[in-house]
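Trainee: I have not met this structure before, and I would like to go through it slowly, one question at a time.

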Amino acid sequence: MAKTKKTKTKTKSDTDKMLDTLPDLDERLPADLRSAALRSAINEAKTKAKRRNVAFVAWRTGVDEAKAADKAVKGLMVRIRSAVKGIYGPDSVEYQSVGGKRASERKRPVRRQPK
């Protein structure tokens with residue numbers, strides 16, 4: 001049987017439940033296992049999660065900006081290629097030099113003989 005992934009809400013409810021009952025047990029527990037230590041660990045985890053989320057958002061923003069810049073470059077290349085094709089023609093060396101396929105180099109479709 002596969003283990004189910006523990007969700008944040010499950011963990012949150014577990015910690016809330018423990019924080020509610022732990023102060024009653026504090027006097028018999030070692031100092032590093034008391035409710036103050038748990039609260040401190042929870043706050044540290046929340047701080048690190050916020051820091052991780054901020055870093056993720058910054059990374060995601062950088063990725064999105066890079067994709068947008070790539071898309072702009074590709075669009076500009078297509079426009080330049082179209083302009084060169086319009087000015088110099090579809091069978092020109094200039095059109096080929098900007099990445100176009102010359103019309104004379106295109107493979108002609110082969111017609112099939114009907115049976």
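Mentor: Before we start, let us fix one term: helices here are DSSP runs of H or I with at least four residues, and they are numbered from the N terminus. Please also keep in mind that what you are looking at is a predicted model.

Trainee: In what order do the elements of the protein run from the N terminus on?

Mentor: The protein holds three helices and zero strands, which leaves helices as the kind of element to be placed in order. Read from the N terminus on, the order of the elements is α-α-α.

Trainee: What percentage of the 115 residues of the protein counts as buried?

Mentor: A residue counts as buried when its relative accessible area is under 20%. The accessible surface of the whole protein comes to about 10600 Å², and carbon and sulfur atoms hold 58% of that surface. Among contacts in the protein with a separation of 6 or more, those between residues 24 or more positions apart account for 5%. As for the 115 residues, the share of them that counts as buried is 10%.

Trainee: How far does α2 reach from its first C-alpha to its last?

Mentor: Helix α2 covers residues 35-88, and at 1.5 Å a residue its 54 residues would be expected to span 80 Å. Beyond the helix comes G89, a residue with a positive phi near 100°. From the first C-alpha of α2 to the last, the reach is close to that expectation, at 79 Å.

Trainee: Which residues does S35 touch, not counting those up to four places away in sequence?

Mentor: S35 has its place in helix α2, where S35, L38, I42 and V84 are buried. Its relative accessible area is 8%, and because the cut-off for buried is under 20%, S35 falls on the buried side. Leaving out residues up to four places away in sequence, the residues that S35 touches are L19, L22, P23 and D26.

Trainee: How far apart are the C-alpha atoms of D24 and S35?

Mentor: D24 is found in helix α1, which takes in residues 8-25, while S35 belongs to helix α2. D24 counts as exposed at 58% relative accessibility, whereas S35 is buried. Along the chain these two are 11 residues apart, and the separation of their C-alpha atoms is 9.4 Å.

Trainee: With which residue does K48 form a salt bridge?

Mentor: Residues three or four places apart in an α-helix point the same way, because such a helix has 3.6 residues a turn. Within helix α2, K48 lies four residues from its partner, and about one helical turn separates the two. K48 is partly exposed at 45% relative accessible area, and the partner is partly exposed as well, at 42%. The closest N and O atoms of this salt bridge are 3.1 Å apart, and the partner of K48 is E44.

Trainee: What is the distance between the closest N and O atoms of R60 and D64?

Mentor: R60 and D64 also lie in helix α2, four residues apart, or about one turn of the helix. R60 is partly exposed with a relative accessible area of 28%, and D64 is partly exposed with 40%. The two form a salt bridge in which the distance between the closest N and O atoms is 3.1 Å.

Trainee: With which residue does R102 form a salt bridge?

Mentor: A search of the whole structure finds three salt bridges, and the one made by R102 has its closest N and O atoms 3.8 Å apart, with D91 as the partner. R102 lies in the segment after α3 (93-97) and D91 in the loop between α2 and α3, so the pair ties together parts that are 11 residues apart in sequence. The partner is partly exposed, with a relative accessible area of 37%, and its name is D91.

Trainee: Which residues make the nonpolar surface patch of about 350 Å²?

Mentor: By the ring-distance rule, the count comes to one aromatic pair. That pair is F56 and W59, whose rings are tilted, with 5.7 Å from centre to centre and 40° between the planes. Both residues lie in helix α2, three residues apart, and F56 is partly exposed at 48% relative accessible area. V57 lies in helix α2 too, and the patch is made by F56, V57 and W59.

How values were computed
Residues numbered from 1 in each chain as written. Predicted model: local features only at pLDDT ≥ 70, side-chain atom pairs only at ≥ 80, totals over all residues. Heavy atoms only, no water. Phe/Tyr/Trp six-rings, centres within 6.5 Å; stacked < 30°, edge-to-face > 60°. Buried < 20%, exposed > 50% of the residue type's maximum accessible area, 1.4 Å probe, protein only. Contact = heavy atoms within 4.5 Å. Areas by Shrake-Rupley, 256 points an atom, 1.4 Å probe, with all protein chains shown as cover. Salt bridge = Lys/Arg side-chain N within 4 Å of Asp/Glu carboxyl O. Patch = residues over 30% accessible without salt bridge, like charges linked within 9 Å, V, L, I, M, F, W, Y side chains within 5 Å. Expected span 1.5 Å × (residues − 1).
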